Structures are given as structure tokens and as C-alpha cells.
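Please read this briefing alongside the sequence and the three-dimensional view, which are shown just below. The points that follow are grouped by topic.

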Amino acid sequence: MSTTVAPSLPAPPSRLRNAWRGLGYFFRRAPLSAFWGVIAALIVAMAVAAPVVAPYPPLKSDFRAMQKPPSEKHWFGTDQIGRDTLSRVIYGSQTSLTVAFGAVLFGTTLGALWGLACGYFGGRFDMASQRIIEFLQSFPDLILAMAIAMALGGGLATVIVAIAITRIPFGGRVIRSVVLSLKEMQYVEAARGIGASHTRMMFRHILPQCVAPFMILATTHLGVAIVIEASLGFLGVGIPPPTPTWGNMLSDALNAGLVPPWWLVLFPGLAITLTVLAFNLLGDGIRDLLDPRLRGSV
Amino acid sequence: MYSYIARRLAFGLLTVIGVSIMVFVIMRILPGDPLVAIFGPDGFTKLSEEQRANYMRELGLADPLWVQYLAWVQQIAEGNFGRSFFRSESVADMLARRAPLTAEIALLSVIISWAVGIPVAIISALKPNTVADSTARFISILFLAVPGFWIGMLIVLGLLFWFGYRAPLTGAGLFTDPWANFELVIGPAVVLGLGQAAYIARMGRSSLLEVIREDYVRTARAKGLNGRLVIAWHALPNALLPVITLSGVLMGLVLAGSVPVERAFATPGLGFAMFIAVSERDIFVMQNLVFLYATVFVLLNILIDVAIAFLDPRIRLR
């Protein structure tokens with residue numbers, strides 16, 4: 001009488017370990033992009049931890065140090081009413097990133113789902129959708145965002161909506177073309193053959209293949225959204241002051257007088273540039289990794 | 001060729017109509033009450049019922065929406081762009097005064113973008129993955145990330161700080177005062193031009209790299225043609241076609257970018273007018289300016305499409 005022991009299979013790798021391995025792969029294959037990815041992560045961490053990191057509260061005026069150049073006490077100087085520029089730049093990252101992630105989450109995702117439906121169903125629905133997308137794309141994106149933000153009145157939610165709407169057509173276009181080519185694949189035909197429903201086909205078989213192009217698009221759009229948000233703030237249709245945003249700070253600097261103090265101009269702009277650069281280069285790296293056909297075509 | 005142009009124009013007309021409806025929806029229907037948009041949420045609550053009714057009637061906002069829409073379209077068709085809610089100057093006069101400056105900036109910026117972007121693309125593509133190529137690519141990636149209006153502010157500040165120089169603050173015509181006009185235009189044009197040049201260098205590089213691998217380029221080399229001539233005569237013209245299309249798309253960047261950039265330079269152009277309209281919550285001026293910008297963008301892209309069809313027989317014969 002012997003107990004038969006079932007041959008033991010190696011345990012399937014856990015998802016967590018898979019993620020770690022993927023990250024390690026990313027660092028080996030694209031060290032430069034991974035470096036910028038770390039910078040992007042640091043900026044996100046800085047935004048989350050703003051109350052801890054910032055040396056002063058962003059709205060607190062120090063009337064003994066008004067419009068002072070950078071010093072030991074205020075590394076980035078102070079503005080016209082004695083608020084610490086470094087703290088305001090740190091807090092500004094909160095708004096910037098909230099708007100950017102919000103706009104991409106709503107706009108790019110909505111566009112992508114729309115594109116999925118267009119590509120999958122085709123026909124009249126697709127034709128009508130393409131016309132609407134064309135109308136949306138006839139506006140230079142900042143102009144469209146300005147008009148919507150102005151119409152809805154200022155505020156965090158309206159700025160997110162305004163920028164999200166400008167992102168919809170891009171998500172729609174890109175994902176639609178991906179879906180159109182996927183639809184012709186044999187495995188999709190096979191799924192149709194065994195009688196899969198439309199929902200199952202769309203979400204189970206086609207959607208997972210759209211994740212890579214979506215990720216590429218989304219990281220690029222983060223950078224674009226940050227620039228649009230800053231421009232809206234600069235033009236006074238963004239999130240109203242006194243909330244510190246990078247765009248508001250640059251606008252305030254211009255309102256300071258004929259000759260704006262250099263530290264009020266330099267630091268918020270550097271923050272925008274660094275953040276956008278980090279997201280763009282991270283996006284480039286992700287694209288190289290996920291879509292080797294595009295490598296080197298940058 | 002003519003049927004292609006006709007088809008393109010018909011589609012363009014359809015797009016402009018769609019754009020006008022969209023502008024109307026955004027500027028008139030989205031705010032709920034246009035008076036809220038004009039006076040702001042705080043100002044609106046201070047108005048009495050009677051004042052509100054008066055304003056609505058005065059501004060023609062009491063009519064049904066489709067009557068308002070048709071009235072607006074009719075006005076535009078007559079070339080009447082209405083009047084600002086806050087200023088005495090009519091929008092048509094304002095356009096005549098300010099639009100030429102912005103048009104000059106746009107044109108000059110396109111010239112700068114090609115003059116800078118194409119040579120960079122050629123150097124990058126002929127010697128890929130060298131130091132020159134990497135430098136060029138890094139600089140273009142940097143320029144894609146830098147907001148143009150911030151560069152503008154730095155330029156204004158730098159010139160003021162080191163040279164005590166500032167461009168004139170009042171408008172100057174191209175023919176009445178060419179030098180002052182140039183001083184006004186060159187700053188924004190350089191900023192917007194370099195922003196486009198980054199895209200053009202990237203696109204030009206990849207497009208040239210693709211074309212260089214084509215058979216006809218190898219043939220030209222094989223028959224003993226000088227390397228530079230092969231690039232200039234055979235490779236470049238074909239590689240530039242997608243760059244021309246890109247240039248049209250980038251016009252959106254120029255038109256939109258002109259608003260914050262003109263504010264940074266305090267250029268008295270159309271972009272600055274849009275900034276004023278936005279900060280004064282002048283929805284009627286804004287509505288017309290947004291429509292105008294979108295229409296110009298659509299028309300420019302039709303022009304580019306026709307130019308491409310003229311240059312590339314493969315498209316013309318389709």
C-alpha cells in the first residue's frame with residue numbers, strides 16, 4: 001500500500017514578483033528612462049508629502065521678508081507678500097499632478113473606450129463618432145481648454161474637465177486604429193466562432209491588447225496636461241488664487257510690476273519643465289519596451 | 001486634382017459648421033446662465049431679478065437657442081463680429097489692428113522652425129547615434145517639455161537685466177514702422193519657432209532615416225552620384241512630405257501658444273486680446289475669437305493637404 005504523491009508543479013509566480021521582475025527588466029533595458037521614471041516618482045512623492053516636505057505653509061505671509069531673493073531662510077526667495085516660493089512650488093506640484101492624472105484618467109480613458117467601441121462596431125456609429133472627433137480636433141487644444149474652463153468658471157474640477165475633453169480625440173483615434181487591426185486577428189475570429197458575446201469579445205479579448213498603446217498615450221498626455229494646466233493658470237482661467245499652482249505663480253510674477261523678480265519666474269518654470277521632461281522620457285522608455293517596432297524612431 | 005480640392009473644401013465647410021455648433025454649445029449652453037459667465041458666480045447673485053431680465057433682453061439672450069445660433073451665424077457671415085461687452089472698439093476693428101501682428105509671428109515662427117529643424121534633422125539622420133545626434137535629440141526632447149511662455153518670460157527678463165532692453169509695448173505696422181514691428185514680432189516668433197523645430201527635427205530625422213534605406217537612394221548612390229547630391233536631390237524631397245503635414249498640425253501649437261506667449265512678451269497681438277477677453281470674462285468676444293482660431297486652423301490644414309497633393313502624385317491620383 002503506497003500513497004502516490006502527485007508530481008509537484010513549480011508554484012506559479014506571484015503577481016507581485018512578476019511586477020518586480022518587470023521593473024528590473026525596465027531598469028536594465030532602458031536605464032535612462034528608468035532614471036527619469038524615478039524622478040517622476042520622486043515628484044509624485046513630493047506632492048503627496050507636501051505638508052511634511054515644505055518648510056513653510058504655502059499661504060503664510062512673512063511680512064518681514066517680502067519679495068526677497070533666495071537666502072538661507074527662503075531657498076527660492078519670497079513673493080510680493082512674503083510667501084515662501086519653495087513651499088509654493090512644492091504645493092504647486094499637488095495641483096499640477098492632480099489635474100494631470102485626473103484629466104488623463106477621464107479624458108484619455110474615455111477617449112480610449114470610445115475608440116474601442118468605434119473600432120469594434122464600425123458602421124454608422126463609427127462614422128458619426130469620427131466626425132465629432134474631427135470637430136474636436138479642429139480646435140488648438142489650449143484654446144478649447146480655455147473656452148471650456150472659462151464657460152464653466154474656475155476651479156479644480158472644471159480645469160480637469162476642460163483638459164480631459166481636449167485629450168478625448170487622441171485616445172479615440174489611437175485605440176480605434178489598434179482595435180481595427182486586432183479585429184482581423186484569428187484568435188478574435190475564433191472567439192466569435194465559439195459564440196462569445198460582444199461584451200466578452202470587447203473586454204476579454206480585445207481590451208487587454210490595447211493596454212500597451214494606452215499606457216504609452218497616457219504617459220505622454222500627462223506631460224501635455226501639465227503644460228496646459230500651467231498655461232491656463234498663467235492666463236487666469238485655471239484654479240483661482242490663492243491656491244499655489246505653477247501657472248498662477250508665473251502669472252503673479254508678471255503682475256508684480258514691470259520687472260518681475262527673477263526667482264519668481266525661474267523656479268515655477270523649472271518645476272514644470274522637470275516634471276514634463278520626466279513624464280515624457282518615462283513614456284519614451286515605456287514605448288520602447290512595449291512596442292519594439294517603434295524603437296529608435298523617436 | 002480639382003476633384004480632390006473640391007472634396008477637401010466640402011469637408012472643410014462641414015467641419016467649420018460643426019466647429020461653430022461646438023463653439024456655441026461651449027460658450028452659450030455650457031455655462032448654464034451666460035450672465036454667470038459674464039458677471040462671475042459672485043457678481044451674478046448680486047443682480048436683482050429685474051436687472052437679470054434686462055441684461056438678457058439687451059444681449060439677445062432671451063430668444064430660443066436656435067434663433068440665437070442662427071443670428072450669430074448670420075452676423076459672422078456678414079463679417080460683423082460683434083462688440084465687446086466691456087470695450088468700445090468693435091471686434092472687427094480689433095481684428096484689423098491686432099491680427100496682422102499675430103499672423104506675422106505665426107509665419108515667422110514657421111520659417112524659423114524649418115530653418116532650425118531641418119538642418120538638425122539632416123545632421124542627426126546622416127550620422128545616427130553619434131554625439132551630434134544624441135545632443136540634437138536631447139535638446140529637442142528638452143524643448144518639447146519647456147513651456148514656451150516661460151522661455152518668453154526668461155528672455156524678456158534676461159534682456160532687461162543685462163541689456164536694459166525691452167521691446168516696444170505699443171503696436172507697430174510692418175510698413176509704417178518696420179524696425180519696431182520686427183522688435184515686437186521676433187521674440188514670440190523665436191520662442192514658438194523653436195518649440196515647433198523640436199517636433200520637426202524629431203519627425204524629419206525618422207522620416208529621413210526611413211527614406212535613406214529605400215532602393216532608389218541606393219540606386220542613385222550606385223550610379224556614382226555624390227553623397228550630398230543624393231541626399232539633397234533624392235532623399236530630402238520625399239522625406240519632407242510628412243514634415244509638411246506635421247507643420248500644418250503644429251499650426252495648432254502656434255495659434256494656441258500665441259496666447260500665453262504674447263502675454264509673456266506683452267505683444268499687442270490677437271493672442272493678447274484673447275487673454276484680455278478671458279480675464280474679463282467677455283464671452284461674446286471669446287466666442288468669436290475661438291471660432292476664428294478654429295476656422296483658421298481648419299483652413300490652414302486644408303491648404304497643407306492641397307499642397308501635399310500637389311507635391312505627391314500618389315495622393316492626388318487616389
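Ser251(A) sits in helix H10 of chain A, which covers residues 246-255, in what is a predicted model. Ser251(A) counts as buried because 24 C-beta neighbours fall inside 10 Å, and a residue is called buried here from 20 such neighbours upwards. Once its neighbours within four places in sequence are left aside, Ser251(A) is in contact with Gly233(A), Phe234(A) and Gly236(A), while Met66(A), 185 residues apart from Ser251(A) in sequence, lies 18 Å from it in space, C-alpha to C-alpha.

**Other features of chain A**

- Helix H11 of chain A spans residues 262-290, and its 29 residues, at 1.5 Å a residue, should extend over 42 Å, which agrees with the 42 Å that separates its end C-alpha atoms.
- H11(A) is mostly covered, since 21 of its 29 residues are buried.
- Helix H8 of chain A, residues 186-193, has zero buried residues out of eight, so H8(A) lies largely in the open.
- Gly195(A), which comes just after H8(A), takes a positive phi of about 85°.

**Chain B as a whole**

- Chain B contains 13 helices and zero strands, and its C-alpha atoms fill a box of roughly 85 × 55 × 35 Å when taken along the principal axes.
- Of the 318 residues in chain B, 36% count as buried.
- Among the contacts in chain B with a separation of 6 or more, 74% are between residues 24 or more positions apart.

**Arg263(B) and the packing of H10(B)**

- Arg263(B) belongs to helix H10 of chain B, residues 227-265, and it counts as buried because it has 25 C-beta neighbours inside 10 Å.
- Not counting residues up to four places away in sequence, Arg263(B) touches residues of both chains, namely Phe234(A) and Leu235(A) together with Phe149(B), Phe272(B) and Phe275(B).
- Leu144(B) is 119 residues from Arg263(B) along the chain, and the C-alpha atoms of the two are separated by 20 Å.
- Within chain B, H10(B) and H12(B) pack at an angle of about 170° with their axes 10 Å apart, and H10(B) is therefore roughly antiparallel to H12(B), a term applied to angles over 145 degrees.
- The contact of H10(B) with H12(B) is made up of 12 nonpolar residues, five polar residues and no charged ones.
- On the H10(B) side, the residues that meet H12(B) include Leu241(B), Ile244(B), Gly248(B) and Leu255(B), and those on the H12(B) side include Tyr293(B), Phe297(B), Leu300(B) and Ile304(B).

**Where the two chains meet**

- In all, 41 residues of chain B are in contact with 38 residues of chain A.
- The elements that give two or more residues to the side of chain B that touches chain A include helix H1 (2-29), helix H8 (178-212), H10 and helix H12 (283-311) of chain B.
- By class, that side of chain B has 32 nonpolar, five polar and four charged residues.
- One contact between the chains pairs helix H6 of chain A, residues 141-152, with H10(B), where the two axes come within 7 Å and cross at roughly 45°, and H6(A) and H10(B) are therefore oblique to each other.
- In this pairing Asp141(A), Leu142(A) and Ile143(A) of H6(A) meet Gly252(B), Leu255(B), Ala256(B) and Val259(B) of H10(B), and these residues divide into five nonpolar, one polar and one charged.
- Leu255(B) and Gly252(B) in H10(B) are thus found in the contact with H6(A), and both are also listed in the contact with H12(B).

**Confidence in the model**

- The model scores ipTM 0.86 and pTM 0.87.
- Chain A averages a pLDDT of 83, with 92% of the residues scoring at least 70, but over residues 294-298 of chain A the pLDDT is below 50, and this stretch has six contacts in the model beyond near neighbours in sequence.
- Where pLDDT is low, the predicted coordinates should not be read in detail.
- Chain B has a mean pLDDT of 83, and 95% of its residues reach 70 or more.
- Among the elements of chain B, the lowest mean pLDDT, 69, belongs to H2(B), and the highest, 89, to helix H5 (residues 91-126) of chain B.

Methods: Residues numbered from 1 in each chain as written. Chains lettered and ligands numbered in written order. Predicted model: local features only at pLDDT ≥ 70, side-chain atom pairs only at ≥ 80, totals over all residues. Helix = DSSP H or I, 4+ residues; strand = E, 2+ residues; numbered from the N terminus. Buried ≥ 20, exposed ≤ 12 C-beta atoms within 10 Å, placed from the backbone. Contact = placed C-beta atoms within 7 Å. Axes fitted to C-alpha atoms, helices over the stretch in contact; angles between N-to-C directions. Parallel < 35°, antiparallel > 145°, perpendicular 65-115°, else oblique. Nonpolar A, V, L, I, M, F, W, Y, C, P; charged D, E, K, R; others polar. Expected span 1.5 Å × (residues − 1). pLDDT = per-residue confidence, 0-100.
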